[in-house]
Amino acid sequence: MFHKLTLAPALAAILAIGAPALPAMAQGAPLRIEITDGVIEPMSIAIPAFHGDAELAARVRQVVADNLTGTGLFREIPAEAHTASPASFADPVSYEEWRAVNAQALVSAEVTRVGEDISVRFRLFDVFSGQPQGDGMQFDARAADWRRAAHKIADQIYARLTGERPYFDSRVAFVQETGPKNARIKRIGVMDYDGANIRWMTDSASLVLAPKFSPDGRQILFTSYDSGFPQIRLLDVASVTSRPLTQDAGAMAFAPAFSPDGRRIAYSREQGGNSDIWLMDVATGGQRPLTNAPSIETSPSFSPDGSRIVFESDRSGTPQLYIMGLDGAEPQRISFGDGRYGTPVWSPRGDMIAFTKRIGDRFHIGVMRTDGSGEKMLTESFLDEGPTWAPNGRVVMFTRVTPGGTGEPRLHSVDITGRNMRPLQLDFAASDPSWGPLLP
């Protein structure tokens, strides 16, 4: 049985509109990789050559393989070890031959092209039980969107074999940095989660910082210095146009974040040397302070249900993490370990908060539960900062800066177990990642 989905044309090559939801998983007790904090033995998966249009099929297959093996949860069985070579997508699976090379899972796919359109069909098999792992699926798309089709296939395989929500078909906003360390030139870009399909959102005429995707991925908040002072602008991804949200010449506005419904933003507003957290209605521009203290409050992030905000404050003497409701009632401190805490970001699952922590001259990306318990450091380096969550809450992306006069920022990712640290393969310096939602 096949489920057929049509990938809507990417809106200005960035957004897809109106695609159906993912189908339900197969019933029963499917093959499943268990993800724990301990040592995880990768699942062995065979991904033989895809059938159909040879060149396009090879490219789609490679992206699928890279997505899966890049998680650290899967080990691809090399092609030279394959003994089964089905002549077509319709051929029956020779389970015995795949068991002989210790394959636990098998992917079979076909990519066909008609003019400017493609169809990608795939099936996933549990080799040891000798049966399909869920129904087959077909993705129809424009040929230019072949990478999205590949990400969708990998997302389905990942979800079926881990039980986790997927994250490959998503975008990341970031800041490209060029020029000397003391005079960086910066511009905002948007790319696939793996660094492909980069599209520039701003030029380098003025300093820009801290892009933040909206919950639907159609807009980006960022801090701009085009007026000479930091102010917040709202950018439409499709049209690549922006408008100011704050224009108070007597105050600086920075570190914005969307609410989960996209209707409000929280941000840091500095006036007269004092910084507080403010809340703004995006449609009306109406705003009000959530904190009013002589300390420095910044880096707000909403809980997934929109009822609370985690933020950074030095009201206790050093930067720590606090949580408060939208009524601005007395914030509750949640960080109590050694060091200085900052840039908290609430997980899309709602169960954890990622943050930057400095202890002595070393920086860490860490996670903790929302009550402050279970604190765990995922990284350690000269300078790690600014975490952002994958849409499924399993992976964190962040900026790592190398030391020295020629040091530069690079984007890295790490699993929340602290495993599988990986640099993003970009040929330029980049910082300030913001991971957008899973595309429809």
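How many of the residues of H3 are buried? The answer is 17 of 17, so this helix is mostly covered (buried means under 20% relative accessible area with a 1.4 Å probe, protein chains only). You are looking at a predicted model, in which local features need pLDDT of at least 70, side-chain atom pairs count only at pLDDT 80 or more, and totals for chains, interfaces and linings use all residues. Residues are numbered from 1 along each chain as its sequence is written, and side-chain values use heavy atoms, leaving out hydrogens and water.

**Overall form**
- The protein chain has 3 helices and 34 strands, counted as DSSP runs (H or I of at least four residues for helices, E of at least two for strands) and numbered from the N terminus.
- Its C-alpha trace spans about 75 × 45 × 45 Å along the principal axes.
- A compact globule of 440 residues would have a radius of gyration near 22 Å, and the 23 Å of the protein chain agrees with that; the radius is taken over C-alpha atoms, and the rule is 2.2 Å times the number of residues to the power 0.38.

**Burial and contacts**
- Of the 440 residues in the protein chain, 53% are buried.
- Among contacts (heavy atoms within 4.5 Å) between residues at least 6 apart in sequence, 46% join residues at least 24 apart.

**A look at H3**
- Helix H3 covers residues 146–162, and its end C-alpha atoms are 24 Å apart, in agreement with the 24 Å expected for 17 residues at 1.5 Å a residue; the expected span is 1.5 Å times one less than the number of residues.
- Gly163, just after H3, takes a positive phi of about 80°.

Notes. Buried means under 20% relative accessible area, exposed over 50%, partly exposed in between (1.4 Å probe, protein chains only).
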